[in-house]
Structure formats: structure tokens, C-alpha cells
Amino acid sequence: MSGQSQAQSSGVDWRREAVQGNYAERPPSDPGGPIRIWLYSDRISYGPGDPIRISVNTNAQRYSLEIYRDGAHRQLVFRRDGIPGTWSATDVNCSELGCDWPVSAIVSDTESWRSGGFVIKAFATSGSDGVVAESEHVVIIGPDRQTRTTGINDRLLLIAATATWTAYNDWGGSNHYQGLSGPKGNDFSPRLSIRRPYARGFVSIPDEAPRAVLLDQPGILEEPEYPHMEWAYRNGYSKKYVSAGWASFERRFVIWAEKEGYQVDVISQTDLHNDPTILFGYRCVATIGHDEYWSWEMRDAIDAYVEGGGCIARFAGNFMWQIRLEDGGSTQVCYKYTARDRDPLMTTGPRHLVTESWEAGEIGRPGASTFGLNATQGMYASWSGCSPRGAKGFPLYRPDHWAFAQTGLYYGDIIGGQSGVFGYEVDGLGYEIRGGLPFVAPGMVAPAGMEILALGLSSTMEEGDSIKTGQTFLGREDAEYVAMVLTGSADEASIEKTKRGCGAIVHFERGKGQVFHAGSSDWIMGLVRDDQIVAQITKNVLDRFLAL
């Protein structure tokens, strides 16, 4: 029975449940009932030749496994049928502790696998009924050592936003947003295990799955709507599918880039955390989509790479939270809004590793110092009660910049308005307008000489005549937190000073390298929806950086 049908039969307001409820997938406590199957791997990413240890939990007598490289052309690299099924009980706190299922299969022959995202699919069949249960997982296979060590190459390196995948993955009931933690069992979890399945919608989604950015304008005085959450609730997908995962972002970029003729290698953020030298064989490194969570070590690697002559093409938004990786990388830690009260490092130190916003005083490393923009001065746009009738694209101020060559763009044009590239979360900075052009505002932390090329409006909260208390998704938590971080107070006057932000496109040089940052999570939709101007800008940036 669908979530909508269940809610209607029990008298529940299904729209409110879709937006505010916690309907994350959790395994039953016993193996009875219909055939079910789930799986995960022991790591997020691997090098060529590394064995992949796969844990499968199912009440099917036998099942099959297949693995394929997911890109412009699907390539099957592994298949095994008739594997005996095993059922394992799962701890209620598996989101934090991991599932601890036994290893069901080890895939060792990975030496020849080309770098990319590899989907692992487990499925059970039943006679003429065909597939009766299936589950998907995705792992990253990084570049081989020869590719990395043969000098500067013209391959594009994509850093998958795997820390954001972990943060939003609600399989088991908890993530960094909602959960089963705390004294009342309804708080988010600051600690999350990678050793659990990905929620449905993180590995693959139907083409018709809605995005958060609203392409259709709401009617007059219409209350905010959240079509992606309502669709997820009705169809049995995670409400966070549009926020993170291979399916919504990296997969779509790899497919587009490979069709355009780019040779793409892929690594995880964990790879970057563990080995900063992994970047050094590449002229250009890209990130895409919703890329919100980073560790101190990851930022160190990016900063050193750019200073040394590397180029970053960041088509991503919402650079917000510092994380820590613990337990050998299998646990991600982020206390977020509660860090000052709950993160042990506030007491024991080192305080610069406390897991909250990069703009927090105790961290002392504003996000803009790495990417030129940050989330606390950006946030939400083009959805919910945050400019749902807005431009949906970036208003352009400096069309003469090389990034806009061969686009025919003029001052004041909107980049990606019809394809919805501006939102749902954006990165910004303080700015001022002089002579009709934006400049970094005095006192703002930003790389020297940075140009603001385009920018649009954003906000940290939903507000307006049609907003009803308790009926919207965002509430006041972000607005209060941003005000506290930026001003030291969360009172109304401080919120009034900080609730309005922007999303921007910027370019700057630092050391021997360069950074181009289109600060929006949904830039990818310009490529998916064949927006020729967005595609030309993307190619301009990649081609220039790959040629340097």
C-alpha cells in the first residue's frame, strides 16, 4: 500500500506527513512476509583491484547480483546467480551504528574496471513472476595509479559529494536532518554509519521524479508546496532523493560529460580526505550538485591543489558544514546546529574541528576562502516559500567574461531560467552594487581579485502572507542559526539583518590556479534539460581549465 493510501485510511493528513514526517525505510524485525532484499558495501569507494565486500540481507532463498558501470553507456562488469539468501536482524540504531550484516559476496576482479560510479544490484526472482524484490547500491572506483602518475593529463576528475550522500541518507530512520536519536527518539543523528544501504532514490530515480525547483509559478496567495516530497511519499522513495545521491547529480553529470566527449574519472570525498595527492595528476577537478559537507582535510587538499596550479570547476551549491570522519572513515560526524552544546571538541579541542558551519568563530575558516562563496550568505531559492516565483536562473552582470563566450548573452539576461538552474540551495556572499555591477562588500572574506559574474536573490526562511505556522518545511531553524553565526544573536533584529542572501557565479585566481564557482545545487538541470546556454558555459569552463 502506498504512503498516501496508508495515510488516507488512517485519517492522517498525507501532505503534511509527506513534508514533515519521518517515513524512512527500515527493515522489519523478522523475515516473514513478502520477499525483501537490501545491500551495502564495506566502503564508499575503491581503487582498481581492491576487493568489494558486499553484505546482502534477504528472506529470499536465492538471489542474483550484478554490477555495471553507470555512464553514457552502461557496461556490465559482474554477474552471479543462485546466491543463497541469508536474513540478519538489524539494530534499530543501524543508521548510526551500521547494519553489521555478514559479508555475502566478495568481488575481487576489479583491476580492469575504468574509474566511475558502479551500481550494484541485488534481486530475487520467482518463476513466471520475474523479479519480485530488488535493491541498488553504488560505489566509486577511482583512477588507476598509472593515470594519476603519468604527468598532467586531459582527463576530468569529478569529486562525488559522498559526504552529502551520507548526511541525507535516511535508510534505517536517521540522518543529519531527522531521526530516532535523543531522549524522545525523534532527533537527527550527529553520527552516521556508511555501512547501511542507500535510501531508495539515491542510486536511481525515474525521469519523471520532480525536482525541488518549481518551474511553474504558484497561484496568488497559494501556500508553499513541495511536489518532490509528495511524489516521494506516494511512490515509496526517500524524501531526500532530490537533495543527495548518485542519481540526482553525479550520474547525470557523468552521462552528459561522456556524451560530450570528456574522459571522466571519479573519486569520493573520502578519497580526497585520505590522500590529497590524488588531485595532482589533473588540470581540472569538478564538483556538481548539492555539495554541502566537507572535512578540514578535504579543504586542505583543494586549497593546496589550486595554489599549485590546479583549476576547480564547481557547479554546486550549499557549502555549509564541517564534518569529521571517524572509525577509519566508516562514521561521519556532524553536530550542526547543536555543536556548541554537544560536540565534545568544544570542550576537549581542537576547536577548529568542531562540526558546525564554516563561518562559526571557533572554526575560523570561512567557506569563501576556498570557493569564493558560502551557504550562510546564500541558502534557499526557487522553491517552497523562498522566491517560488523568482527568476529560476542567474541574472547576468558581466557578459564579457570568457565563461560566456559563444552564448550571445547580454547584461541583465537570465542564465538557465527556463531549465531551473538557480536553487534549490545556493551559495552567496555580501556584495554591493556600484555603477550597475556587483562587487565584494567591504569586510567580506573573499579571494583577492574575485569577480562576481552573476547573482540572484535567496533567503534563509519561508515568509509571506500565505505562510502558515507549522505547515511549512523550513521553519525558523536556519534563519536563527545563520543569524547567530554571523552576528552572535538569534533575535529578530539579527534575523532581519541576515535572512536575505544571494546565489552567485564567481571566478578568481589564487596562487597558480583558478576557481570557477556557479553556486547552485541545480546547475545540473541545465545540462539534463538541454539548455544550450548552460551547456556552453559549462564547456567553456571545462575546456579552458583542461587546456591550461
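## Salt bridges, a four-strand sheet and a helix

At 44% relative accessibility, Arg-79 counts as partly exposed, because the buried class ends at 20% and the exposed class begins over 50%. Its partner falls in the partly exposed class too: Asp-81 has a relative accessible area of 47%. The two residues form a salt bridge, with their closest N and O atoms 2.9 Å apart. The model is a predicted one.

**Salt bridges**

Side chains of opposite charge can pair when their charged atoms come close. A search of the whole structure finds 30 salt bridges. Three of them are set out here.

| Basic residue | Acidic residue | Closest N to O |
|---|---|---|
| Arg-79 | Asp-81 | 2.9 Å |
| Arg-365 | Asp-303 | 2.8 Å |
| Arg-510 | Glu-307 | 3.6 Å |

Which parts of the chain does the pair of Arg-365 and Asp-303 tie together? Arg-365 sits in the loop between helix H11 (345-348) and helix H12 (368-371), while Asp-303 belongs to helix H9, so the pair links parts 62 residues apart in sequence. Both Arg-365 and Asp-303 are buried.

Helix H9 also holds Glu-307, and Arg-510 lies in strand E24 (residues 500-510), so this second pair ties together parts that are 203 residues apart in sequence. Glu-307 is partly exposed, at 40% relative accessibility. Arg-510 is at 13% and counts as buried, because buried means under 20%.

Some salt bridges share partners. Arg-191, Arg-324, Glu-326, Asp-327 and Asp-343 are joined in this way into one network.

**The sheet and helix H9**

Strands of a sheet pair through backbone hydrogen bonds, either parallel or antiparallel. Here four strands form an open sheet with mixed pairing, in the order E10-E16-E15-E13. Which strands stand at the edges? They are E10 (191-193) and E13 (293-295); each has a single partner strand, so one side of each is left without a neighbour in the sheet. On average, neighbouring strands are turned by 40° against each other, direction ignored.

E10 pairs with strand E16 (residues 331-333) in the antiparallel sense, over three bridges. Leu-192 stands opposite Gln-332 in E16.

Helix H9 (residues 296-307) lies across E13 and strand E15 (321-326). H9 runs at about 80° to E13.

**Arg-351 in its loop**

Arg-351 is placed in the loop between H11 and H12. This arginine is partly exposed, with a relative accessible area of 47%. What does Arg-351 contact, leaving aside its neighbours within four places in sequence? The contacts are Leu-345, Met-346 and Glu-362. A polar atom of the Arg-351 side chain lies 2.9 Å from the backbone oxygen of Met-346. Glu-362 is eleven residues away from Arg-351 in sequence, and their C-alpha atoms are 5.9 Å apart.

**Helix H16**

Does the length of H16 agree or disagree with its residue count? At 1.5 Å a residue, the 16 residues of H16 (residues 532-547) should span 22 Å, and the end C-alpha atoms are 22 Å apart, which agrees. At the start of H16, a side-chain oxygen of Asp-531 reaches to within 3.1 Å of the backbone nitrogen of Ile-533. Buried residues in H16 include Val-534, Ile-537, Val-541, Leu-542 and Phe-545. Polar side chains are found among the buried ones too, including Gln-536, Thr-538 and Asn-540.

Definitions and conventions
Residues numbered from 1 in each chain as written. Predicted model: local features only at pLDDT ≥ 70, side-chain atom pairs only at ≥ 80, totals over all residues. Heavy atoms only, no water. Helix = DSSP H or I, 4+ residues; strand = E, 2+ residues; numbered from the N terminus. Expected span 1.5 Å × (residues − 1). Buried < 20%, exposed > 50% of the residue type's maximum accessible area, 1.4 Å probe, protein only. Polar contact = N/O pair within 3.5 Å; in protein donor to acceptor, adjacent residues only side chain to side chain. Pairing = 2+ DSSP bridges. Axes fitted to C-alpha atoms, helices over the stretch in contact; angles between N-to-C directions. Contact = heavy atoms within 4.5 Å. Salt bridge = Lys/Arg side-chain N within 4 Å of Asp/Glu carboxyl O.
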